[in-house]
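Biologist: Please take one part of this model and go through it closely. I would like to know what touches what there, and how it sits in the rest of the chain.

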Amino acid sequence: MTTRRPREPGRRMWDGGSEAAPAGPPPLPPAPAPAPAATRAVLGEAPEIIGHLQENYYNLCVEKSQKINYFILHKLQEVDKEIEKGLEGLTLNIAGNSCLMPVERVTGEDFWILSRILKKNLYINGLDVRYNLISDVGAYYAARLLQKQHKLIYLNLMFNDIGPEGGELIAKALHKNTTLKYLRMTGNKIENKGGMFFAAMLQINSSLEKLDLGDCDLEESTVHLGHMLKENHCLVELHMCKHNIKNCGIKQLCDALYLNGSLRYLDVSCNKITRDGMVYLADVLKTNTTLEVLDLSFNRIENAGAKYLSETLASHNRSLKALSVVSNNIEGEGLVALSQSMKINPTLSNVYIWGNKFDEATCVAYSELMQMGRLKPDNTDVEAFVVDGHVYLAEVSNGLKKHYYWRPTYGAACRHSANAGFTLVPVGGHL
């Protein structure tokens, strides 16, 4: 299918015509000093833009009669200072949900200008534009950036109003891209149409290691993504939360996991998986030796599902390191079974159980695990306390991905115990 190229933003303002020129821009802020010669020498060549991102952005906006986004200008100034210090491998963070300063959200037209100044920059290898408004127009220029910028390893586009057409453009750009390692499409409603293009891309792409398609309005995507997992042997981490996955869907994923030897982190949280789905998952975990992190939060596996997993973890599996069963309607019998499997399994280190139905036997079991040192305080989301001789469990702000949608505005922004999944399965260094 031929995808129509979005109109270049603002073209009618500078093409020859009778329209009046826009008002002149405000004075240009002082340009930072060029990057040290030593840095240029290490890279082997000098990029077209060295320590002047802010100036280049400003000048290009003037040239193209494009409104200047001062939030972008401020962020480029910060990166210019880092480049001036001789740093490289930088991430340009223009997240639109910052609470610490006024934010002018990035539009598709803004992203067009931004992509122009980044496409040949050798110092930036990460771009975070989460919670903005780039839409399918910006997705078109993001796709072009992926085709031309061969240093980019991290791209975060989460919640940017990108639809199926924009998803198609980005997926197709990754057919030939050999550098991007981590892509977040979270919250962009690319639907099944866009999801199919990503599944097809992953059968071709051999560099992408981490893909987040959570909350993208994909319904029962497991047919196509399961087929992809049989063919792809590079993907390390896959997020499929809010995909409306049912038991037949988890069976399709499990069938693929028998043949996949690379996936280490699988997130199927916030779906419709029940106890029957755990039969398939427990069975594949008997032979799978690569999966290390499994997120089943906010499903409904109940006691029976927890016991299926516990039996496999106790008698067969020795590769899984972290398991989250938060809010799965599990009662004391299932939770105690999980605690008993930890006493036998030396590999499983992180277990998250909050939001289930605790009885006193559950509280005592997990209190004993922590007292004997088998379950470390940072590796679970509960802590024990005693009142009138009875043991209870309280919630602790630990988990696999506590900061999945947001980051704290103070304190440690990336506390390991709150985001253990990223610590256990690191991808791309600073990513």
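Modeller: Contact here means heavy atoms within 4.5 Å. The model is a predicted one.

Start with the whole chain. It has 15 helices and 12 strands. Of its 431 residues, 52% are buried. Take the contacts with a separation of 6 or more: residues 24 or more positions apart account for 80% of them.

The part I choose is helix α11, with its surroundings. Begin on the α10 side. Helix α10 spans residues 247–257. Its axis and that of α11 come within 8 Å and cross at roughly 5°. Angles under 35 degrees count as roughly parallel, and α10 and α11 are therefore roughly parallel to each other. From α10, the contact uses Asn247, Ile250, Lys251, Cys254 and Leu257. From α11, it uses Asp276, Gly277, Tyr280, Leu281 and Val284. By class, this contact has six nonpolar, two polar and two charged residues.

Which residues of α10 are buried? They are Asn247, Gly249, Ile250, Leu253, Cys254, Ala256 and Leu257. Asn247, Ile250, Cys254 and Leu257 thus appear both in the buried set and in the contact with α11. The buried residues of α10 pack against α9 and β7 (265–267) as well as α11.

Now turn to the other partner. Helix α11 covers residues 275–285, and helix α12 covers residues 302–315. Their axes also come within 8 Å and cross at roughly 5°. That makes α11 roughly parallel to α12. On the α11 side, Arg275, Met278, Val279, Leu281, Ala282 and Leu285 take part. They meet Glu302, Ala304, Gly305, Tyr308, Leu309 and Thr312 of α12. This contact has eight nonpolar, two polar and two charged residues. Leu281 of α11 is listed in the contact with α10 and in the contact with α12.

Follow the chain out of α11. Glu292 lies in the loop between α11 and β8 (293–295). Is Glu292 buried or exposed? Its relative accessibility is 14%, so Glu292 counts as buried; the cut-off for buried is under 20%. Leaving aside neighbours within four places in sequence, Glu292 has several partners. Arg264 is one of them. Ser319, Leu320, Lys321 and Ala322 are in contact with Glu292 too. Leu424 and Val425 complete the set.

β8 leads on to a pocket. Asp295, at the end of the 293–295 range of β8, is among the residues nearest the centre of the second largest pocket. Ser297, Phe298, Lys401 and Lys402 are named with Asp295 there. The lining has 21 residues. By class, they divide into 10 nonpolar, five polar and six charged. The volume of this pocket is about 410 Å³.

Back on the α9 side, consider Cys234. It sits in the loop between α9 (222–231) and β6 (237–239). Its relative accessible area is 27%, so Cys234 is partly exposed; that class runs between 20% and 50%. Outside its neighbours within four places in sequence, Cys234 is in contact with Ser206, Leu208, Glu209 and Ser262. Leu208 is 26 residues from Cys234 along the chain, and their C-alpha atoms are separated by 6.8 Å.

For comparison, look at another helix pair. Helix α6 (residues 135–148) and helix α7 (residues 164–173) have axes that come within 8 Å and cross at roughly 0°. That makes α6 roughly parallel to α7. Asp136, Ala139, Tyr140, Ala143, Leu146 and Gln147 of α6 meet Glu165, Gly166, Leu169, Ile170 and Ala173 of α7. Seven of these residues are nonpolar, two polar and two charged.

Last, the internal space. A search of the whole structure finds one cavity of 30 Å³ or more. It holds about 30 Å³ of space. Its lining is Leu118, Ile124, Leu127, Leu145, Gln149 and Leu152. Five of these are nonpolar, one is polar and none is charged. Leu118 also belongs to helix α5, where it is buried. In α5 (residues 108–118), nine of the 11 residues are buried, including Phe111, Trp112 and Ile113.

Notes:
Residues numbered from 1 in each chain as written. Predicted model: local features only at pLDDT ≥ 70, side-chain atom pairs only at ≥ 80, totals over all residues. Heavy atoms only, no water. 1 Å grid on protein atoms, 1.4 Å probe; cavity = no way out; pocket = protein on both sides within 12 Å on 5 of 7 lines; lining within 4 Å. Points joined across faces, edges and corners; volume = space filled by probe spheres on them. Nonpolar A, V, L, I, M, F, W, Y, C, P; charged D, E, K, R; others polar. Axes fitted to C-alpha atoms, helices over the stretch in contact; angles between N-to-C directions. Helix = DSSP H or I, 4+ residues; strand = E, 2+ residues; numbered from the N terminus. Parallel < 35°, antiparallel > 145°, perpendicular 65-115°, else oblique. Buried < 20%, exposed > 50% of the residue type's maximum accessible area, 1.4 Å probe, protein only.
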